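Let's take a friendly walk through a protein model, one spot at a time. Keep the picture open beside you and find each residue as it comes up.

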Amino acid sequence: MSQHTVDQSQIAGPGTANRPEWWRDAVIYQVYPRSFADANGDGLGDLQGIRARLPHLKDLGVDAVWLSPFYESPQADAGYDVADYRAVDPMFGDLLDADALIRDAHALGLRVIVDIVPNHVSDEHSWFRRALREGPGSPLRRRFHFRSGKGEAGELPPNDWESIFGGPAWTRVADGAWYLHLFAPEQPDLNWEHPAVDDEFRSILRFWLDMGVDGFRVDVAHGLVKAAGLPDIGAGDQLKLLGNDTMPFFDQDGVHEIYRGWRKVLEEYGDDRVLVAEAWTPTVERTALYVRPDELHQAFNFHYLGAYWDAEELRDVIDSSLDAMRPVGAPTTWVLSNHDVTRHTTRFANPPGLGTQIGTAGDVELGLRRARAATLLMLALPGSAYLWQGEELGLPDVVSLPDEVRQDPSFHRAHGQDGFRDGCRVPIPWTVSGPSYGFGSRGSWLPQPADWGRLSVEAQSGKPDSTLELYRMALTVRRQHPALGAGTSVEWLAAPAGVLAFRRIAEDGRRFVCTSNTTQEPVRISVYGQMLLASATAGIQVTESHVVLPGDSTVWWTG
Ligand code: GLC
């Protein structure tokens, strides 16, 4: 028998209720439309493809789907450059497909969250095209950050800000004016001081709420307001400061007023719609400001994502995250991977200190072992958890992509030294063989590795030791055991160095313990009850008095 089989009798519980604050402990699965499933055989995923694969998400046991942007877009940044927020890009389908997808998901009991991109638009957005056409001083230009340049002939950018994707954050247009873009030049930043911008986004929220969506993931939520006067930074390597220091274009206090307005819009639709912030801030305390009771409901916990597979580091970030959220009453969130970072299998296959975007495979087996253990740890914590498509298959990053197929604009702007985001965006393998392993009927927009079939949903389904079955079992247990995902704190238990052990006691008195060994060596620990689930497929020894926990593994206990 597999070591991680679930004993259902130990976990029978009430199941997930359809309650208003469903998001507090929800497991939310991120779908990247261009890489999930391709129904029309053009090599790019689409909404019909996602619809056809919704049963996979239902079987997996997640509560909600978050869809990365599928709006009309020239795709300069894979859809995070939106030309029309109320239209679906033809490469993904149309509004009828979006409607059908939302209805199908709801029929399966899955909530739907869509992405909203308020910091910038595409340079093909009608506002920006008109702003260029109407020239300096025109009303449309005031919806963006247009400035004169420095230098004798205005030939230098208005300030020293650098784009997150590399190079200056300013581009000069034909009439000599410069406009600000924190990301690619094709993504001009909006001026949130302008009332038309605020009105427009509240109207866009209503458009999608009327379509039936359950919430929004707010892209670059920390970027909308810029410090008055757009002051120089004056520091050397600005990219190194991101997320660690206060920058004049990120995490400005003024941004919170915007979200108070958005919260009111959501509340017009009842109390079960949710806003989740993508906010990279210097501290968890600053992140907590975004989820005060009258603002957004959740924020991604990038401090957790940035932690390595290391007991001390993890315990610190778990404690500080829970402590920071408790006073504002928001649930803590947990996330290990998304479309902007190297998959955690590959991060943990490499030594610590390389950051969240790395281009080397490392020790693949070690990475997978740790990733499975890290997932069980994450899913045991109080709060909501976000999964990135394909992590349930244990997919590694594809580090071997040739430069010419890479599409991440940051790769090209950073001259290949950074911008490894394509590696986690390679289309999902669904079947053992066939064109693009079931992703579509013809190829895929990024080449899949030759051994991708063995990692497919088909290959792993029904195999007790597979990563897919581990996720399915973990999510079954989580839905049924009232101690998982609930509450706002954990009780740490004494454990050997490198081991994390915490207990949670559910309101009905049922107990749950999670033990994670982050060292590579087996360790002896006390017995905490009956084993529910283990990330390791071999090596666990349980006696009356003690347990041997294999290196890089997590075990769940109950009783
Ligand atoms: C967010 C998105 C990322 C995108 C950037 C610009 O960070 O997650 O993919 O490139 O915003 O929109």
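## A tour of the predicted model

The side chains of Asp 251 and Arg 286 are joined by a polar contact of 2.8 Å. Keep in mind as you look that this model is predicted. To find Asp 251, go to the loop between α6 (238–241) and α7 (255–267). Is Asp 251 buried or exposed? Its relative accessible area is 5%, so Asp 251 is buried, the cut-off for that being under 20%.

### Around the ligand

Now turn to the ligand. Which residues come nearest to it? There are 14 residues around the ligand, and those that come nearest are Asp 77, Asp 219, Glu 278, His 339 and Asp 340. Sorted by character, the shell around the ligand holds seven charged residues, four nonpolar ones and three polar ones.

Three side chains that pair a polar atom with an oxygen atom of the ligand are set out here.

| Residue | Distance from a side-chain N or O atom to an oxygen atom of the ligand |
|---|---|
| Asp 77 | 2.5 Å |
| His 339 | 2.8 Å |
| Arg 421 | 3.0 Å |

How much of the ligand does the protein bury? Taken alone, the ligand exposes 310 Å², and the protein buries 96% of that area.

### One step out from the ligand

Asp 77 has another partner to look for. The side chain of Gln 187 makes a polar contact of 3.0 Å with the side chain of Asp 77. A polar atom of the Gln 187 side chain also lies 3.0 Å from the backbone oxygen of Tyr 80. You will find Gln 187 in the loop between β8 (178–180) and α5. With a relative accessible area of 0%, Gln 187 is buried.

### Two helices

Helix α5 itself covers residues 195–210. Its 16 residues should span 22 Å at 1.5 Å a residue, and its end C-alpha atoms are 23 Å apart, so the two values agree. Several of its residues are buried, including Ala 196, Val 197, Phe 201, Ile 204, Leu 205 and Trp 208. The buried set also includes a charged residue, Glu 200. Just after α5 comes Gly 212, with a positive phi of about 105°.

Helix α2 makes a nice companion. This helix has 14 residues, 47–60, and reaches 19 Å from its first C-alpha to its last, close to the 20 Å expected at 1.5 Å a residue. Where does α2 bend? The bend is at Arg 53 and amounts to about 45°, with a proline, Pro 55, following within four residues. Among the buried residues of α2 are Leu 47, Ile 50, Leu 54, Leu 57 and Leu 60. Gly 49 and His 56 are buried in α2 as well. Gly 61 follows α2, and its phi is positive, near 100°.

### Positive phi without glycine

The two residues that follow those helices are glycines, but a positive phi can turn up elsewhere too. Most residues other than glycine have a negative phi. Gln 75 is not a glycine, yet its phi is positive, at about 65°. Gln 75 sits in the loop between β3 (71–72) and β4 (84–88). Its relative accessible area is 16%, and since buried means under 20%, Gln 75 counts as buried.

Asp 552 also has a positive phi, near 50°. Look for Asp 552 in the loop between β20 (546–549) and β21 (553–558). Asp 552 counts as buried, because its relative accessibility is 1%.

### Out towards the solvent-accessible side chains

To finish, visit two loop residues with higher accessibility values: Arg 442 at 57% and Thr 537 at 37%. Arg 442 lies in the loop between α13 (409–413) and α14 (457–460). Why does Arg 442 count as exposed? Exposed means over 50% relative accessible area, and Arg 442 has 57%. From Arg 442 to Pro 158 the distance is 47 Å in space, C-alpha to C-alpha, and 284 residues in sequence.

Thr 537 is placed in the loop between β18 (530–534) and β19 (541–542). With a relative accessible area of 37%, Thr 537 is partly exposed. Thr 537 and Arg 479 are 23 Å apart in space, C-alpha to C-alpha, and 58 residues apart in sequence.

How values were computed
Residues are numbered from 1 along each chain as its sequence is written. This is a predicted model: local features need pLDDT of at least 70, side-chain atom pairs count only at pLDDT 80 or more; totals for chains, interfaces and linings use all residues. Side-chain values use heavy atoms; hydrogens and water are left out. A residue is near a molecule or strand if one of its heavy atoms lies within 4 Å of it. A polar contact is a pair of N or O atoms within 3.5 Å; within protein, one must be able to donate a hydrogen and the other to accept it, and residues adjacent in sequence count only if both atoms are side-chain atoms. Accessible areas come from the Shrake-Rupley method with a 1.4 Å probe; for residues, only the protein chains shown count as cover. The expected span of a helix is 1.5 Å times one less than its number of residues. The bend at a residue is the angle between axes fitted to the seven residues ending there and the seven starting there. Buried means under 20% relative accessible area, exposed over 50%, partly exposed in between (1.4 Å probe, protein chains only).
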